[in-house]
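User: Could you take a close look at the largest pocket for me? I'd like to know how much space lies in the largest pocket and which residues line it.

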Amino acid sequence: MNRCSDQNLLSASWCRWLFARLRDASSCACAICSSLVVLLALLTADISYAEGYTLDTGDVLRVSVLGEPSYPLEVVIDDAGSISLPLLGEIPARGFTPGALSQAIQLAFQQQKLILEPFVKVEIGQHRPFFIAGAVANPGSYPFQPGITVRHALAIAGGFRPSATRGGVPALEIADLRSSRANLTLEEYRLNVQLARLNAENRQDKSFVAPSDPPIELGPSLIREIVASEQAQLEARLAAFKDEISYFEASLVRARKEADMIAVAREEREKTATIQLKELEALRAMRKQGLITNTNILTMERAQTSYRADLAQSELQQTQKQQDMMNLESEIRRKRQSHEIELIAKIQDTQVELGKVQSQIRSVADKLLFLFSYGEQRTFDDLQGSVRISIFRRDQKSAHTLLASENTEVKPGDVIEVSVEANKAFYAPETLNSSTMAAPDGTGPGMQPSAVIGQ
């Protein structure tokens, strides 16, 4: 009886152990099945994405051909949009999906009668990178990952860098910006004085009026030195130009006097030649009457010939002097025109340089004001309404730029430009008190900063 009870207990224990093992096996099988389902879903999603992906320059592809020793291999789509494959050579790839490119390679094998029934598989080894620039900590190119958005791209690039501090101490950056603004203000005043001097030189004035509103921070002595230097340069340049023109004008006056003297001498020779000609005709008449000999006639004819030669020489000299006078007048005109053209070019260059300096001053003022107002805030929430994101995207037909948000999906090859723009409240007097406005440069609310900051 006891033996039967022990057998029954043993059978019950074995049944419980077997049931537990079956239950564990069932749970493990369920877990394995669940994992397989998830893995299958991920593979299906990845395959689905790959099949909808359009290939372009920079993509790395893994090409497999069943039964071929040269394959599998990885190739990169070149700038022409093609890949180079063994046995086939150049194959266009830009604009294809991986599945469509697989079919194109299969067709190429069949058309060239290399493989009758090829099995080709094209996979994406590495996507072409995307690029990010502007107000970010680490601009540059980064590997593309399917499904990333602008927010992910900003995180990869190290986040926002809206201010000019570049990770330094804001107080030191403010000091550097103030120093830069002082130097630019000095250059702006110097260019204004130079522009006034050039305009006076163009008018041939011996002096000019300096700008009436010099920056206070420059100091009276520095302002006097700048004005005196430009005044001395004006006097020196006017004197040099006057000397150069005076030399040609004096040469022209001398040439005119010589031409007048040649003209008077020619008139005298013409009168003398006319009188000798009349005397020669009278002698010839007397010779016909037998009153004089031929010797007297020959002497008079030789004298007439000599006067005619001198008269021709005078005509030639007069023509040469007239040509010299024309050349001198042309040279004077050319010198004046060249001087005027040079001054106009210098005036234009000075105006352009002045515009650049003024733009740099506004940029420095912007950075100072922005640094005081925004500091080192680097999130979308902190900079709400001030972040501008544009994406330059190229497709198969054209390239275009689109405005994006933090949730815009990034595509391979995208060029993301991030800038931080001061919103309307940034320049509104009621939002910034007078101390904040005066802090960057000490000029109070008279500053007029530009629109875009941080690029």
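Analyst: First, the term: on a 1 Å grid over the protein atoms alone, a pocket is an open set of points where a 1.4 Å probe fits, with protein on both sides within 12 Å along at least five of seven lines, and its lining residues have an atom within 4 Å of a point. Grid points are joined across faces, edges and corners, and a volume is the space filled by probe spheres set on the points. Bear in mind that this is a predicted model, where local features need pLDDT of at least 70 and side-chain atom pairs count only at pLDDT 80 or more, while totals for chains, interfaces and linings use all residues. Residues are numbered from 1 along each chain as its sequence is written, and side-chain values use heavy atoms, with hydrogens and water left out.

Now to the pocket. The largest one holds about 510 Å³ of space. Its lining has 22 residues, and Arg128, Arg394, Lys411, Pro412 and Gly413 are the closest to its centre. By kind, the lining splits into 9 nonpolar, 5 polar and 8 charged residues. Here Ala, Val, Leu, Ile, Met, Phe, Trp, Tyr, Cys and Pro count as nonpolar, Asp, Glu, Lys and Arg as charged, and the others, Gly among them, as polar. Strand β8 (residues 387-394) gives the largest share of the lining, 3 residues; strands are DSSP runs (E, at least two residues), numbered from the N terminus.

Elsewhere, there's an open sheet of 3 strands in the order β2-β1-β5, with antiparallel pairing (two strands pair if DSSP finds at least two bridges between them). β2 (73-76) and β5 (120-126) stand at the edges with a single partner strand each, so one side of each has no neighbour in the sheet. Strand β1 (residues 60-65) pairs with β2 over 4 bridges, and Leu61 has Val75 in β2 as its bridge partner.
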